[in-house]
Amino acid sequence: MTAQIITKSLDRLVQQCYSRAVAQGALLFTESSVYKHQEQGVVFEVRYVPALAKKPNSKPKEKQYAKDFVDPFLPYDEHLHVKQIGDTHHLLLNKYCVVPHHLLITTAEFRQQGEPLSEADFTAVLATIDNLSSRNIVFYNSGEESGASQPHKHLQVLPMPEYLDMPPSIGLWLQSMPPVGAVHTSKQLPFAHFGVLFGDSPLLPSSVAAAYQAALSELTIQFGSECSYNMIMTRSAILLFPRRQSSWHGIAINSLGFAGLVLAKTKDEQEFLDRFGILHILSCVGYLRAQ
């Protein structure tokens, strides 16, 4: 069954659910500070979140097979539930957020994080972002080296920073004038990636799923079907980034990092990012782009 269209009141619904969850203590917002980092003429965001230094890192399979594992999405916390999307997905608030109104699109039944995304997944994505007034970035962490932490399949939706029109990495990728509808690799990005530019027509689940599958097929041909990867998506494009490792010198990177929105847990990490550059660090946790 396809997902039902979420009403245009989703903005207000998210805000109401968020305020209520914070007041009830069901959602834990972590304070952070943001500074702008510029490379190749494009502004990247580095968000300093010292509280994350205390958070243990674990990969999906490690967590799933732990004796005390509890799936946080099955059953979900009613206080974090925003809306059911058809029979296949739920829209939840992220319990641990550093940006307000950070949303999760979870499968109603348990599916493994790292499974390829389906047309039903993109139906749920479009039913969400089509009914939010803010610019959003959708992302998916796939595989053990992708920065994923939960084994239950979920995509994430994050409001774009107000000062950015698009994720920095997509901005660089677009400088190479990619053709509409074809998998494109840009010389502006030093790390391996596979992107598809959407046209001006309204986005449909089938067309987005086809673009994703085309990019994933190219990634699989070059790096194998077991390769971890990150996916980012906006209303203009979808990009996939193969992963070699989940972190470099203690700096953990997930899909948001490849979007150009990086988290630093300590001042040392922040200085490390300034010293080596975000694009270089992304090349180290990913793969260098083939010449």
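**Reading the strands, helices and cysteines**

Guide: Strands β3 and β16 are joined by four bridges and run in the parallel sense, and along this pairing Arg47 stands opposite Leu263 in β16. Everything said here concerns a predicted model.

Visitor: What makes β3 and β16 count as paired?

Guide: Two strands count as paired when at least two bridges are found between them, and β3 and β16 have four bridges, so the condition is met.

Visitor: How do you know that β2 and β3 pair, and in which sense do they run?

Guide: Seven bridges join β2 to β3, and the two strands run antiparallel, so the requirement of at least two bridges is satisfied here as well. Glu39 stands opposite Val42 in β3, and the two strands form a hairpin with two residues between them, where Gln40 in the turn has a positive phi of about 50°.

Visitor: Why is β3 called largely enclosed?

Guide: A residue is buried when its relative accessible area is under 20%, and six of the seven residues of β3 are buried, so this strand is largely enclosed by the rest of the structure.

Visitor: What makes α8 largely enclosed too?

Guide: Seven of the eight residues of α8 are buried, so the helix is likewise largely enclosed by the rest of the structure. The buried residues are Ile278, Leu279, Ile281, Leu282, Ser283, Cys284 and Val285.

Visitor: How do you know that the buried residues of α7 line one face of the helix?

Guide: The buried residues of α7, which spans residues 267–276, are Glu269, Gln270, Phe272 and Leu273. Seen down the axis of α7, these buried residues fall within an arc of 160°, so they line one face of the helix. The face turned away from that buried side carries the exposed residues Asp268, Glu271 and Arg275, while the buried residues of α7 pack against several elements, including β2, β3, β16 and α8. Just after α7, Gly277 takes a positive phi of about 90°.

Visitor: What makes β4 and β10 edge strands?

Guide: Nine strands form an open sheet in the order β4-β5-β7-β9-β8-β12-β13-β11-β10, with antiparallel pairing. The edge strands are β4 and β10, each of which pairs on one side only. Helix α1, residues 10–24, packs on the sheet and touches β4, β5 and β7, its direction making about 140° with that of β4. Elsewhere in the sheet, four bridges join β11 to β13, which run antiparallel, and Leu197 has Ala237 in β13 as its bridge partner.

Visitor: Why is Cys17 said to be in no disulfide?

Guide: A disulfide requires two cysteine sulfur atoms within 2.5 Å, and by this rule the count comes to zero disulfides. For Cys17, the nearest cysteine sulfur, that of Cys97, is 13 Å away, so the distance condition fails. Cys17 is also buried, with a relative accessible area of 3%.

Visitor: How do you know that the sulfur of Cys227 is too far for a bond?

Guide: The closest cysteine sulfur, in Cys284, is 16 Å from that of Cys227, which is too far for a bond when the limit is 2.5 Å. With a relative accessible area of 12%, Cys227 is buried.

Visitor: Why is Ser255 called buried?

Guide: Ser255, which is found in helix α6, has a relative accessible area of 0%, and the word buried applies under 20%. Leaving aside residues up to four places away in sequence, Ser255 touches Phe139, Tyr140, Asn141, Ser146, Asn230, Met231 and Ile232.

Visitor: Why is His101 called partly exposed, and why is His249 called exposed?

Guide: Exposed means over 50% relative accessible area, buried means under 20%, and partly exposed lies in between. At 27%, His101 therefore counts as partly exposed, whereas His249, at 58%, counts as exposed. His101 lies in the loop between β6 and β7 and has a positive phi of about 65° although it is not a glycine. His249 lies in the loop between β14 and β15, and its phi is near 50°, again a positive value in a residue other than glycine.

Visitor: What makes the peptide bond from Leu74 to Pro75 cis?

Guide: The omega of the bond from Leu74 to Pro75 is near 0°, and the bond is cis; Pro75 is found in the loop between α2 and β4.

Definitions and conventions:
Residues are numbered from 1 along each chain as its sequence is written. This is a predicted model: local features need pLDDT of at least 70, side-chain atom pairs count only at pLDDT 80 or more; totals for chains, interfaces and linings use all residues. Side-chain values use heavy atoms; hydrogens and water are left out. Buried means under 20% relative accessible area, exposed over 50%, partly exposed in between (1.4 Å probe, protein chains only). The arc is that of the directions from the helix axis to the C-beta atoms. Contact means heavy atoms within 4.5 Å. Axes are lines fitted to C-alpha atoms, for helices over the stretch in contact, and angles run from 0 to 180 degrees between N-to-C directions.
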